[in-house]
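Trainee: Before we look at the side chains, could you take me through this model one question at a time, with the reasoning spelled out?

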Amino acid sequence: MDIRPIATEKDYEAALAEIKRLWAAEAGSPEAQKIEMLAMLAQAYERAREPLPKANPIEAIKFRMDQQGLSRKDLLPIFGTTARISEILGGKRPLTLEMVQKLHFRLGIPLDSLVVPETRRAKRPTPRRKHRRKRQHRAA
């Protein structure tokens, strides 16, 4: 099989079959290099067809904390107080624009992971107040 971009489902299936056939190749061999190239092409094809879902902002923050070995105290310059850190990471308080900017610039978290489209809730109808008529006192 020649290595070329995967454009169709048939190309994708052929690439997977070739990867399976060469799976036991010795590391560093030309066959192992071919597997690596085919795997990258197959992954690109898969992502183009089914993009990864957007990350939840809280999950993105926790992931970056784990990657960089950060503790909650390391987030104080971004959030201000330990209580606010707990509220944010617990999902009880939304991120502000300032927080999003600081997380992006200081921790390198992609903006699209921090900003999620707002889902509008249907407004609850406000209860109508019943107006009571003032009782008129009749003089007897």
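**Charged pairs and helices**

Trainee: Is Glu87 buried, exposed or partly exposed?

Mentor: Glu87 has a relative accessible area of 30%, and the classes are buried under 20%, exposed over 50% and partly exposed in between (1.4 Å probe, protein chains only). This is a predicted model, in which local features need pLDDT of at least 70 and side-chain atom pairs 80 or more, while totals for chains, interfaces and linings use all residues. Residues are numbered from 1 along each chain, and side-chain values use heavy atoms, leaving out hydrogens and water. On that footing, Glu87 is partly exposed.

Trainee: Which residue forms a salt bridge with Glu87?

Mentor: A salt bridge asks for a Lys or Arg side-chain nitrogen within 4 Å of an Asp or Glu carboxyl oxygen. For Glu87 the closest N and O atoms of the pair are 2.6 Å apart. The partner counts as partly exposed because its relative accessibility is 33%, and that partner is Arg93.

Trainee: How many residues apart are Arg49 and Glu9?

Mentor: Their side chains meet in a salt bridge of 2.8 Å, N to O. The pair links distant parts of the chain, with Arg49 in helix H2 and Glu9 in helix H1, residues 9-22, a helix being a DSSP run (H or I) of at least four residues and a strand (E) one of at least two, numbered from the N terminus. Arg49 is exposed because its relative accessible area is 51%, whereas Glu9 is partly exposed at 37%. In sequence, Arg49 and Glu9 are separated by 40 residues.

Trainee: Are Glu18 and Lys34 buried or exposed?

Mentor: These two also form a salt bridge, with their closest N and O atoms 3.2 Å apart. Glu18 lies in helix H1 and Lys34 in helix H2, so the pair ties together parts that are 16 residues apart in sequence. As for exposure, Glu18 and Lys34 are each buried.

Trainee: Which residue is linked with Glu18 and Lys34 in a network of salt bridges?

Mentor: Side chains of opposite charge can pair when their charged atoms come close. The structure holds 6 salt bridges, and the network that includes Glu18 and Lys34 also takes in Arg21.

Trainee: What percentage of the residues in the protein is buried?

Mentor: The protein has 7 helices and 0 strands, following the pattern α-α-α-α-α-α-α along the sequence. Helix H2, which spans residues 30-49, includes Met37, a residue that is partly exposed because its relative accessible area is 38%. Of the 140 residues in the protein, the buried share is 23%.
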